[in-house]
Amino acid sequence: MGRTANFSFTFLLFLLAIFATSAEARKSFACDPKNPATKTLPFCRTNLRTEDRVRDLIRRLTLQEKVKLLVNNAAAVPRLGIVEYEWWSEALHGVSNVGPGTKFGGEFPGATSFPQVITTAASFNASLWEEIGKVVSDEARAMYNGGMGGLTYWSPNVNIFRDPRWGRGQETPGEDPMVAGEYAARYVRGLQGTDGGDRLKVAACCKHYTAYDLDNWSGVDRFHFNAKVSKQDIEDTFDIPFRSCVMEGKVASVMCSYNQVNGIPTCADPKLLRGTVRGAWRLNGYIVSDCDSVGVFYDNQHYTSTPEAAAADAIKAGLDLDCGPFLGVHTEKAIQGGLLKEAEIDNALFNTITVQMRLGMFDGEPSDHPYGNLGPKDVCTGPHQELALEAARQGIVLLKNRGPALPLSSRRHRPIAVIGPNSDVTLTMIGNYAGVACGYTTPLQGIRKYTRAIHQPGCADVACSDEAMFGGAVEAARQAEATIMVMGLDQSIEAEFRDRAGLLLPGRQQELISKVAAASKGPVVLVLMSGGPIDVSFAENDPKIGAILWAGYPGQAGGAAIADVLFGSHNPGGKLPMTWYPQEYLNNLPMTTMDMRSNPSRNYPGRTYRFYKGPVVYPFGHGMSYTSFAHAVSADAPTVVSVPVDGRHHHLYNDTAFSGGAVRVTHARCKGLSLSVGMDVKNTGSRDGSHTLLVFASPPGGGWAPHKQLVAFEKVRVAAGGQERVAVRIHVCKFLSVVDGAGIRRIPMGVHALHIGGVKHSVSLQAHVLGVIKS
């Protein structure tokens, strides 16, 4: 009884400590109606326009107070009731504690950890991307209400996965600009909310702007790299996801990158920040530096001769917030030295404080706000974890299925040998920029829910440096009725600041796979975890290996999802969001060469499926199913589309690169100019399944245009033997245009070929010159 009483007392103290911690974290907030010094100030009055409230607040600040608000760990202004705020939080694929703005513990031991972005992108399911964003923002708001998180999340990463060696490619939606742009817009909408008005649920941030896709390769790191990029590649590849993020997703923030672009640090380039992001794209929000970027372009790149000049250049270029201390240390001296005006500081603060106002951070008691009722009960819920499982299922890609070897039978295939360094992992499954997951189901645990398993890792880790454990793995395969090998990579091979040296499996993994496959008496399945592509040509060509699955980094429920696919509870429908190249592709191909287009005269192969025509292990968009699908274009699909051209520019649209000429997008009447094609998708197999309809277009002519590019994708579920009509809408100016060598986007006139699976449909675009409108 004494021990019970003591335990009860201790537990009571524990609960009180948690309550005290939460109360302490949440007891202070701006515009507290109980604070007589601030409750009547205009910036606290919610009935005023946001811009008027922001200007009122800024005019009350001293210069010293303003400067301390230019950094991520913004200082408190006690005399105005303003509490300190940490801007840096991360939510790449779930609420993360990578940034200091969010922490786990107490009532919030973890958060739902979804698959890494490259895996989620493989679903090609835009509604899923937005739904994940909604769940992540629910959990983020709940943690903010509990004093454990912020409201400004520096996610998503929408850089193009240009080079297969990039260690951070796992964070991105892949190599296609159109997919990356759609992912950006949909995930941001999910995070920020779509309830209408100007209010934000949380504030998202698209990063890293721009042409950022190298971390540390062959002695060149991101802090010193000058990306030499043509206007053409900037316009038709690198900027597309960011434009979509700002203009369609209405993102609240954009982050500039570490690297220089054509000799100018991105965080000091007014053409990029003021001219493009805020000017042409009309960002309604703030621009933030990658962490210590301003210090990097002063200390590492030596772009300016003094730190004050660096601070001035960044703010004049359009930077509003510094992740790091640099602006907080040097901005006041920049003003005193005449390099910067205080009004320019006010402009930066206007952008950041406006976002805080839109988040409700100056609206008084947080619990009275929209989303103020979210709390611990709304984190790691059953539906949230089920969505993480479903996202993993949809992102798994079936690369090979000879025989077919899959799906396996839990009745006939017993026992199963489960082999490989990734066969019983947890943290590996969630990739980088992850938080603390609600829980994990490893591949081994998932498989054991279906059948009896003999487990032999074969290698101690993915480095697989010796064969000491090979014998046990080979013997397990001899005894089992089927063999599953879970191999691949982890963050020791590909990560931030760690680019890959090559595309082969690390260490002696290939040797282990081949030996185990040779010894197996039943079906052999290879499951790969990785963020980037792997050259597994040997496995594709090995008749003993019946099936290959790519799971990316599948998140907290990855093991359950893998098992559901292996045993047929889920029919795989994922497609590769990046090309899988052979190792030879990298011969004499520096990561530092940014050109997208091939150049045969200098033996340059080009990058991504849009410009590379050489041999591949698996192409972009590859992915198999346990059923089969057939496509047919509807009989009423248009074959001719008229493109209205402003008569004032009719003499400018001829272009010798195209036999029929090309029209500048800026000279066409683009509003409402879409091409609608009906596609009949029939499931010709015996299993229900989801199918991703990928629509590619090849423009007329050639030269500098992509040989093909994705212009639409749709996810459709079709019952066995059934048929569904899918309406595909293609915006002509946006998706059937190409960019010339001067960086000008044009619409080629003439016949465009649409490719859907094995079906081809031709559409002729014809210019229709409108009369000149006289004023």
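This briefing describes helix packing, sheet arrangement and salt bridging in the structure shown above. The structure is a predicted model, and the values given below are computed from it. Among its features are a pairing of α6 with α8 at an angle of about 25°, an open sheet of five strands with mixed pairing, and a total of 42 salt bridges.

**Helix packing**

- Two packed helices are described by the angle between their axes and by the distance between those axes.
- Helix α6, which covers residues 177–192, packs against helix α8, residues 240–247, at an angle of about 25° and with the axes 8 Å apart; because angles under 35 degrees count as roughly parallel, α6 is described as roughly parallel to α8.
- The crossing of α6 and α8 is right-handed, and the contact is formed by Pro177, Ala180, Gly181, Glu182, Ala184, Ala185 and Val188 on the α6 side, with Ile240, Pro241, Ser244 and Cys245 on the α8 side.
- Sorted by class, this contact of α6 with α8 comprises eight nonpolar residues, two polar residues and one charged residue.
- Helix α14 (residues 382–395) and helix α20 (residues 558–566) cross at roughly 50°, and their axes come within 8 Å, which makes α14 oblique to α20.
- The crossing of α14 and α20 is likewise described as right-handed, with Leu389, Ala392 and Arg393 of α14 meeting Ala560, Ala561 and Asp564 of α20.
- In the contact of α14 with α20 there are four nonpolar and two charged residues, and no polar ones.
- Helix α11 (residues 307–317) packs with helix α12 (residues 326–336) at an angle of about 95°, the axes being 8 Å apart, and the two helices are therefore roughly perpendicular to each other.
- On α11 the contact residues are Pro307, Glu308, Ala310, Ala311, Ala312 and Ile315, while α12 contributes Phe326, Leu327, His330, Thr331, Lys333 and Ala334; by class, eight of these are nonpolar, two are polar and two are charged.

**Sheets and strand pairing**

- Strands of a sheet pair through backbone hydrogen bonds, in either a parallel or an antiparallel sense.
- One open sheet holds five strands in the order β18-β27-β26-β21-β22, with mixed pairing, and its edge strands are β18 (640–645) and β22 (709–718), each of which pairs on one side only.
- Neighbouring strands of this five-stranded sheet are turned against each other by 25° on average, with direction ignored.
- Within it, strand β21 (residues 689–698) runs antiparallel to strand β26 (residues 750–756) and is joined to that strand by four bridges; Ala697 stands opposite Leu754 in β26.
- A three-stranded open sheet has the order β17-β20-β23 and antiparallel pairing; β17 (629–633) and β23 (723–731) stand at its edges with a single partner strand each, so one side of each has no neighbour in the sheet.
- The twist in this three-stranded sheet averages 30° from one strand to the next.
- Strand β20 (residues 674–683) pairs with β23 in the antiparallel sense over nine bridges, and Lys682 stands opposite Gln723 in β23.

**Salt bridges**

- Side chains of opposite charge can pair when their charged atoms come close.
- The count comes to 42 salt bridges, and one of them joins the side chains of Arg168 and Glu496, at 3.1 Å from N to O.
- This pair links distant parts of the chain, 328 residues apart, since Arg168 lies in the loop between α5 (126–145) and α6, whereas Glu496 lies in the loop between β14 (482–488) and α18 (509–519).

Terms used
Residues numbered from 1 in each chain as written. Predicted model: local features only at pLDDT ≥ 70, side-chain atom pairs only at ≥ 80, totals over all residues. Heavy atoms only, no water. Axes fitted to C-alpha atoms, helices over the stretch in contact; angles between N-to-C directions. Parallel < 35°, antiparallel > 145°, perpendicular 65-115°, else oblique. Left-handed = near helix turned anticlockwise from the far one by under 90°. Contact = heavy atoms within 4.5 Å. Nonpolar A, V, L, I, M, F, W, Y, C, P; charged D, E, K, R; others polar. Pairing = 2+ DSSP bridges. Salt bridge = Lys/Arg side-chain N within 4 Å of Asp/Glu carboxyl O.
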